[in-house]
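Biologist: I would like a close look at a single part of this protein, and then a word on how the rest is put together. Please keep it plain.

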Amino acid sequence: MNFKNITLEKNSKLININQNQFLTSLVDNLKARLLDNEQDISILQDMQIIDVSEWPKDINYNNIRYGEDEIKRLCKRFQVNKNDAINGFRQILDDQTVSFKNVMPEFYNLVQTFPRSTAECELGFSLMNNICTKLRSTLTIKHLASLMFINVNGPPLDEWEPKSYVSSWLVNHKTAENTRTKKNVNKEPETREEKKSIWKIL
């Protein structure tokens, strides 16, 4: 066996991994982590209703209400408009060339954004720890959220145009040259004549 033009030789000191056992263990761990209860399994099973390839060929003849129970359960679980979803699903049953995205946009977005794992959360915590360090521990939640949003969704530096942001900062930021801020004005010392009125009171 070769790997990148390098001949691989067996080493008696290394124990080979049982592939079947490894895959079985991997599947079991994923199920334990992602599908830890019957409700999660039911949600994934209901979502399969939008897979046209899994539909029976004689839907319109045997069951005109095919898939409505699954749609209702998902709409109730995720608070999506049930009537719009069912009406859109019926259109697709009549004409399978119709796109889910066009007739069931809210339901389609739900399925497309449904998290399959906790990877996004873990990446978010890792990013937060990289931004909020010991030297930047005074960041407010608003600023931290903004920095995380820019890091995740912002454009790369070679496509970023900072001119508008710099101009906005120069206009709104209070600096020593800003006429809207109070300036420390060195008053000239009062003369002897100006103080005479005070001396008379004393």
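Biologist: Which helix does Leu-30 lie in, and what can be said about that part and the chain around it?

Modeller: Please note that this is a predicted model. Leu-30 belongs to helix α1, which covers residues 19-34. Leu-30 is partly exposed, since its relative accessible area is 44%, and a residue counts as buried only under 20% and as exposed only over 50%. Leu-30 also takes part in a nonpolar patch on the surface, together with Ile-17, Phe-22, Leu-23 and Leu-26. The accessible area of these residues together is about 500 Å². For the chain as a whole, about 18300 Å² is exposed, and carbon and sulfur atoms supply 53% of that area.

Helix α1 is one of 11 helices, and the chain also has 2 strands. In sequence order the two kinds of element run β-β-α-α-α-α-α-α-α-α-α-α-α. Of the 202 residues in the chain, 15% are buried. Taking contacts between residues at least 6 apart in sequence, 44% join residues at least 24 apart.

Some of the links between helices are salt bridges, of which the whole structure has 3. In one of them, the side chains of Asp-46 and Arg-73 meet at 2.9 Å, N to O. Asp-46 sits in helix α2 (residues 38-47) and Arg-73 in helix α4 (residues 68-78), so this pair ties together parts 27 residues apart in sequence. Asp-46 is buried, with 6% relative accessible area, whereas Arg-73 is partly exposed at 41%.

Arg-65, Glu-68 and Arg-90 are linked in a network of salt bridges. The side chains of Arg-65 and Glu-68 meet at 2.9 Å, N to O. Glu-68 is buried, at 4% relative accessibility, while Arg-65 is partly exposed at 48%. Glu-68 also forms a salt bridge with Arg-90, with 2.8 Å between the closest N and O atoms. Arg-90 is in helix α5 (residues 82-94) and Glu-68 in helix α4, so the pair ties together parts 22 residues apart in sequence. Arg-90 is partly exposed, at 35% relative accessibility.

Further along the chain, helix α8 (residues 119-131) packs against helix α9 (residues 141-153) at an angle of about 115°, and their axes are 10 Å apart. The crossing of these two helices, α8 and α9, is right-handed. From α8, the residues Gly-124, Leu-127, Met-128 and Ile-131 meet Leu-144, Leu-147, Met-148, Asn-151 and Val-152 of α9.

How values were computed. Residues are numbered from 1 along each chain as its sequence is written. This is a predicted model: local features need pLDDT of at least 70, side-chain atom pairs count only at pLDDT 80 or more; totals for chains, interfaces and linings use all residues. Side-chain values use heavy atoms; hydrogens and water are left out. Patches are made of residues with over 30% relative accessible area and no salt bridge: like charges are joined within 9 Å, nonpolar side chains (Val, Leu, Ile, Met, Phe, Trp, Tyr) within 5 Å. Accessible areas come from the Shrake-Rupley method with a 1.4 Å probe; for residues, only the protein chains shown count as cover. A salt bridge is a side-chain nitrogen of Lys or Arg within 4 Å of a carboxyl oxygen of Asp or Glu. Helices (H or I, at least four residues) and strands (E, at least two) are DSSP runs, numbered from the N terminus. Buried means under 20% relative accessible area, exposed over 50%, partly exposed in between (1.4 Å probe, protein chains only). Contact means heavy atoms within 4.5 Å. Axes are lines fitted to C-alpha atoms, for helices over the stretch in contact, and angles run from 0 to 180 degrees between N-to-C directions. A crossing is left-handed if the near helix is turned anticlockwise from the far one by less than a right angle, and right-handed if clockwise.
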